Amino acid sequence: MAPPPANPSHHSLLVLPLLLLLLIPAAAAATSTSLSTTSYATHCPALPAAPDLSAVDGSAQLRTLQLSTGYFSGGGDRLFGPEPSSLSRSFSLLPSSVLRTTNASLLHVSATLTISGGRRLGRTFGRNLFEYDGHAHAHRFRPRLPRFTGRRGSVTFGLEGFYSTASGELCMVGTGFGRAADGSTVNFLPAVLRVGFPSPANLTRSFITGRLESVDSPSPLEPVSLVAYAEEGYAYDESASCPPPPSGRLDALQVFEGRNFSCAQLNMMLKTPFRLQYGDGSNSTASSLGLHQMYMYINRMQCADDGAVHAYVAFLNQTEASRYYFMLGEKAVVAEGFWDQKSSRLCLKGCHVVNSGPSRADLAVGECGIGMSFWFPAVWSIERRSFAAGLVWNASMKSGEAIAASSSAITPNFRGNLAGLKYNYTKVDEAKKYYEASGLNKKRKGKFPDSNSYRDLVFRFYVQKGGGSGYASPVTIGSMLFDGNSLVVPDPASSHLMTDMKQNLINVSYDIYYVGNWSLESFHRRHISAEGVYDTKTGSLCMIACREVNTSSDCEMLVTAQFSSLDAKVTQHVKGTLRSLRKKTDPLFFEELNIASYGLYVDQVDESIWRMDLESTMALISMTLACIFIAVQLFHVKKVPEALPAMSITMLVVLASGYMIPLVLNFEALFKNSNKQTFPLSGGGWLEVNEVMVRIITMITFLLQLRLLQLAWAARSLDGSKAETWAAERKVLWICLPLYFIGGIITWVVHMKFNNHGRRMLRQVVIMKQIRHAFWEDLVSYGGLILDGFLLPQVLLNIFSDSKVGALSPVFYIGSTIIRALPHVYDAFRAKHFVPSLRPSYMYASPHDDLFSLTWDIVIPCGAVLLSVILFFQQRLGGAFFVCSKNRKTREYEMVSTVSS
């Protein structure tokens with residue numbers, strides 16, 4: 001047959017979209033070119049364009065014009081959402097090229113401006129305060145990042161223009177693309193950017209201000225006000241003097257001395273939020289400076305090689321603000337000073353930041369006269385364990401008052417900076433009394449964390465009644481400091497310090513962070529400092545704890561904890577109490593809190609990683625063998641033609657579904673491993689390689705199973721006695737389908753009962769928030785049980801057809817039975833030899849793929865083996881061999897001749 005004639009109109013319809021695709025980029029380029037040549041002269045008349053000469057040598061101008069982060073106001077609610085009171089609005093200006101022009105003071109600049117905003121900084125309570133940072137670091141915790149609510153609008157502008165080195169003015173034009181806060185797409189949004197750089201920047205001129213406006217009218221982009229702190233091109237005061245600190249406030253302090261100045265190190269150590277303490281008669285100072293906030297952030301800081309420092313300091317009432325963005329702050333100060341090498345202190349003089357216009361981004365520098373000093377204490381105690389401390393005072397007042405500031409204690413950023421610190425225990429004797437009185441010194445069997453497993457003393461916990469969660473980490477163990485990963489010896493020359501860990505009862509101090517509803521206080525995060533004793537022979541911990549209440553400390557608290565044995569196969573490895581030592585009539589009294597910790601010890605984590613590697617290999621071998629067994633069955637049906645019509649179609653469909661469902665559930669992961677593990681893996685990524693290989697082999701096995709199903713269906717249709725065989729197959733369906741349906745109903749009932757129990761636990765246990773399962777997950781597990789009995793339809797078909805044809809190869813059905821039974825044997829072994837984690841990761845014998853428990857691990861393998869034995873005798877003695885009947889006739893399949901096309 002000749003092909004139909006080509007339709008010219010049809011081909012023209014195909015050409016039109018191709019022409020449009022080619023013309024759109026050309027039109028965009030033409031629009032951009034016309035905008036940069038014609039619109040620039042219209043919108044930037046103060047900086048006339050000049051021809052280019054050559055590229056600027058070095059990157060000095062690039063650094064001056066680069067704004068890594070800043071704040072913006074305005075822009076319109078449709079693009080960026082309503083302007084929030086939080087600090088989520090930000091912009092960045094990144095120049096890509098700077099060229100000289102014929103005008104010596106004029107530079108040709110190309111840059112990218114990104115404006116993002118619209119989400120509010122939210123706080124989610126009733127959930128874990130700290131996330132579990134992977135199996136490989138079982139006892140290292142990371143705080144949750146601040147959570148944002150709502151959609152974040154973001155628009156990126158490609159800009160081109162000129163910068164005047166004489167006046168510090170920058171004017172650029174370009175177009176923007178992005179996505180608005182309401183979800184709509186933003187395309188071809190023309191705008192003009194004007195920015196004023198202080199030239200040079202100094203203490204009284206510390207801000208870079210700008211304005212972004214739309215070229216079109218009307219436009220979704222409303223005028224945007226920009227502000228950023230000038231970090232580059234800063235000119236320090238020649239005198240480099242600082243206000244003297246209040247008399248007597250620094251003399252009695254012990255600080256680190258002789259530290260070499262390093263801007264990167266100093267910036268890192270001052271990055272944590274400082275908590276302001278308004279006690280000790282500092283009310284007049286706070287009033288004169290207009291300070292009432294709880295926290296202080298050194299938000300942006302830059303240093304010179306000679307030790308000069310300038311910084312932007314923000315004051316807020318929240319502790320979860322992101323320090324990576326420019327903080328507008330409820331109150332702010334700009335400061336400059338120097339690092340005093342002799343006294344190991346940072347000395348700064350500061351000025352108030354005021355709002356100079358209707359926009360929140362209109363900032364200016366106001367009155368000065370603020371003194372600041374920061375240092376690093378050399379001695380810690382239960383009440384003073386700040387890694388960095390500081391003072392803020394009014395230099396114009398002579399009262400000697402100052403506001404104290406203290407940062408959090410050890411964090412991962414401070415590793416390697418602890419040598420030289422000393423800890424002064426003051427509550428150990430009191431803790432020992434409660435330790436002996438409470439019976440924690442009773443002997444217990446087992447081995448507990450000691451000098452060889454000190455990292456196991458870190459634990460995450462939850463409150464069993466009332467909700468709440470947190471984590472506890474040692475600050476010191478004996479005379480050594482714990483930096484989150486290893487022990488630091490304060491004085492390496494003192495060899496006697498290492499003997500502390502060899503003692504049974506050692507002194508310890510802890511930092512405890514907790515989120516929960518505590519007595520009448522609000523639901524927020526709080527910090528508890530504790531110190532006491534730990535018994536390495538019994539795994540008992542007893543400490544006196546202090547918490548901050550308003551401007552004072554409450555040290556009438558007792559913390560006890562009992563660690564489980566290192567070789568114990570339990571998930572709850574810590575349980576304890578936190579109670580008040582005050583009388584019930586005392587306003588600071590609170591009811592006893594029972595805490596528990598679920599997790600793994602470090603050695604158990606290593607075992608867990610080894611188990612996962614083993615399971616991934618077992619899964620790969622299992623699926624490979626399944627593929628081989630199906631290939632053997634395909635060769636078997638070629639040798640035994642009468643086997644094809646004697647195979648149960650129901651059995652083949654069940655097997656095909658068993659391979660298809662995992663492929664459907666992991667279809668995206670089959671081509672892209674998007675669900676990667678969040679923890680490091682041993683073996684150089686061998687686990688991920690195995691996962692990919694398992695998915696590929698599963699696909700091949702599924703295709704082979706479909707081929708086997710297709711051959712059996714075709715042979716059944718050509719069978720001479722197809723009416724009888726289809727009648728027997730219908731009888732199999734009449735038995736199997738109701739049986740499967742009843743099993744599904746039972747699964748639903750069990751699921752609802754378990755879910756209701758999970759809801760009750762959710763009200764009590766915050767950490768077990770993932771205890772509930774979706775019904776489809778339980779249904780998939782039930783599907784694994786159907787697969788375990790995949791031989792049932794074949795056995796029933798042999799009974800109804802009374803056939804002794806060798807429909808299935810022994811290698812196929814015996815091997816497949818072993819593959820289905822081995823996971824249950826391994827599950828019984830795993831339950832005895834491995835400790836299940838809170839969020840177990842099973843690569844083989846997963847509860848999401850089958851039913852696993854002590855009962856199922858016995859019943860399922862026995863049932864699978866029983867079906868194999870029955871099938872073995874059926875294929876030799878007849879399908880109904882166990883039916884005692886003299887008139888029973890074994891049915892043989894008679895192959896009829898067919899015409900092969």
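Me: How do helix 7 and helix 15 sit against each other, what's the crossing angle?
Reply: In this predicted model, the axes of helix 7 (residues 602-639) and helix 15 (residues 810-833) come within 9 Å and cross at roughly 170 degrees, where axes are lines fitted to C-alpha atoms over the stretch in contact and angles run from 0 to 180 degrees between N-to-C directions. The two helices are therefore roughly antiparallel, a label for angles over 145 degrees; helices here are DSSP runs (H or I, at least four residues) numbered from the N terminus.

Me: Which residues of helix 7 meet helix 15?
Reply: Among them are Glu607, Arg611, Leu614 and Phe629 of helix 7, which meet a set in helix 15 including Val811, Phe812, Tyr826 and Arg830, contact meaning heavy atoms within 4.5 Å. By class, this contact has eleven nonpolar, five polar and four charged residues, with Ala, Val, Leu, Ile, Met, Phe, Trp, Tyr, Cys and Pro counted as nonpolar, Asp, Glu, Lys and Arg as charged, and the others, Gly among them, as polar.

Me: Switching topic, where does UniProt put the "transmembrane region" feature?
Reply: The unreviewed UniProt entry places it at residues 618-637, 649-671, 692-712, 732-751 and 851-873, and such annotations may be inferred rather than shown by experiment. In the model, residues 618-637 are 100% helix, with end C-alpha atoms 29 Å apart.

Me: And what about 692-712?
Reply: Residues 692-712 are also 100% helix and 0% strand, with end C-alpha atoms 31 Å apart.

Me: Any cut-offs on the model, and how are residues numbered?
Reply: Local features need pLDDT of at least 70 and side-chain atom pairs count only at pLDDT 80 or more, while totals for chains, interfaces and linings use all residues. Residues are numbered from 1 along each chain as its sequence is written, and side-chain values use heavy atoms, leaving out hydrogens and water.

How values were computed:
Angles under 35 degrees count as roughly parallel, over 145 as roughly antiparallel, 65 to 115 as roughly perpendicular and the rest as oblique.
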